[in-house]
Amino acid sequence: MSGRSEQAAGPSSAVEHRYEVTDHREIWSGRIFSVVSDDVTMPGGGTASRDYVRHVGAVAVVALDDAGQVVLIRQYRHPVGRHLWELPAGLMDVSGEDLAAAAARELAEEADLTAGAIDVLVDLHSSPGFSDEVVRVFLARDLADVPADQRHDRRDEEADLQVVRIDLDEAVGMVLAGEITNAACVAGLLAAARARETGFAELRRAEVPLPR
């Protein structure tokens, strides 16, 4: 039995129903995610069962160079059966690892780059209808190459990575044309374009906590 409860927050002053978990069951568990089922109290009385995926979370990086270009990678994603344009990204699966450090690690491993400055661009729940996954997207600037003898040995799908640089405005155009569909990439590119418009004045510090 679980007494966990959650109340949505937002601008509305209306009284919102308090959803409480009356029973919690783990259906399957793996290294990256688990599948669980909760019985949740519903408005008007009664409960309903809700199955969802509990995920370790992820980080992604919009790497923006001095020429106004962003780094995109093209990677095969088996669940959709095709290659997608994405940002350098990875799982938050190292216990105790700082999120900005995780982002820097992924940038080095997938794009052979380091960053002199890293800030928070945007946080997103990638698919809240069935998963609790949170993705933090960082903006990395002041880029430099990782020395050739220190570069990560990419394996499996990563061995097939294509890494390109493209003008940020062109990348936003690819989003609006439906050529970029990865959620973190879409959100990160649009947020980066907005951040540039405001002179990067709205960026959050890299150490700010994730939304709860």
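Here are legends for a few close-up views of this predicted model.

**View A. A three-stranded open sheet.** Here 3 strands line up in the order β7-β6-β11, and their pairing is antiparallel. The edges belong to β7, spanning 82-86, and β11, spanning 162-167. Each of these edge strands pairs on one side only. Going from one strand to the next, the twist averages 30°.

**View B. Zooming in on β6 and β7.** Strand β6 covers residues 69-77 and is joined to β7 by 5 bridges. The two run antiparallel. To find your way around, look for R77: its bridge partner in β7 is R82.

**View C. A four-stranded open sheet.** This sheet has 4 strands in the order β8-β5-β10-β9, and the pairing is mixed. Why do β8 and β9 each have one side without a neighbour in the sheet? Both stand at the edges with a single partner strand each, so nothing in the sheet flanks the other side. On the sequence, β8 is 89-91 and β9 is 113-125. The twist in this sheet averages 25° from one strand to the next.

**View D. The β5 and β10 pair.** Strand β5 (residues 58-63) and strand β10 (residues 134-145) run parallel, with 6 bridges joining them. One pair to pick out is V62 with L139, its bridge partner in β10.

**View E. A helix across the strands.** Which strands does helix α3 lie across? They are β5, β9 and β10. The helix takes in residues 183-197 and runs at about 110° to β9. Those three strands appear in View C too, as part of the order β8-β5-β10-β9.

Conventions
Residues numbered from 1 in each chain as written. Predicted model: local features only at pLDDT ≥ 70, side-chain atom pairs only at ≥ 80, totals over all residues. Heavy atoms only, no water. Pairing = 2+ DSSP bridges. Axes fitted to C-alpha atoms, helices over the stretch in contact; angles between N-to-C directions. Contact = heavy atoms within 4.5 Å.
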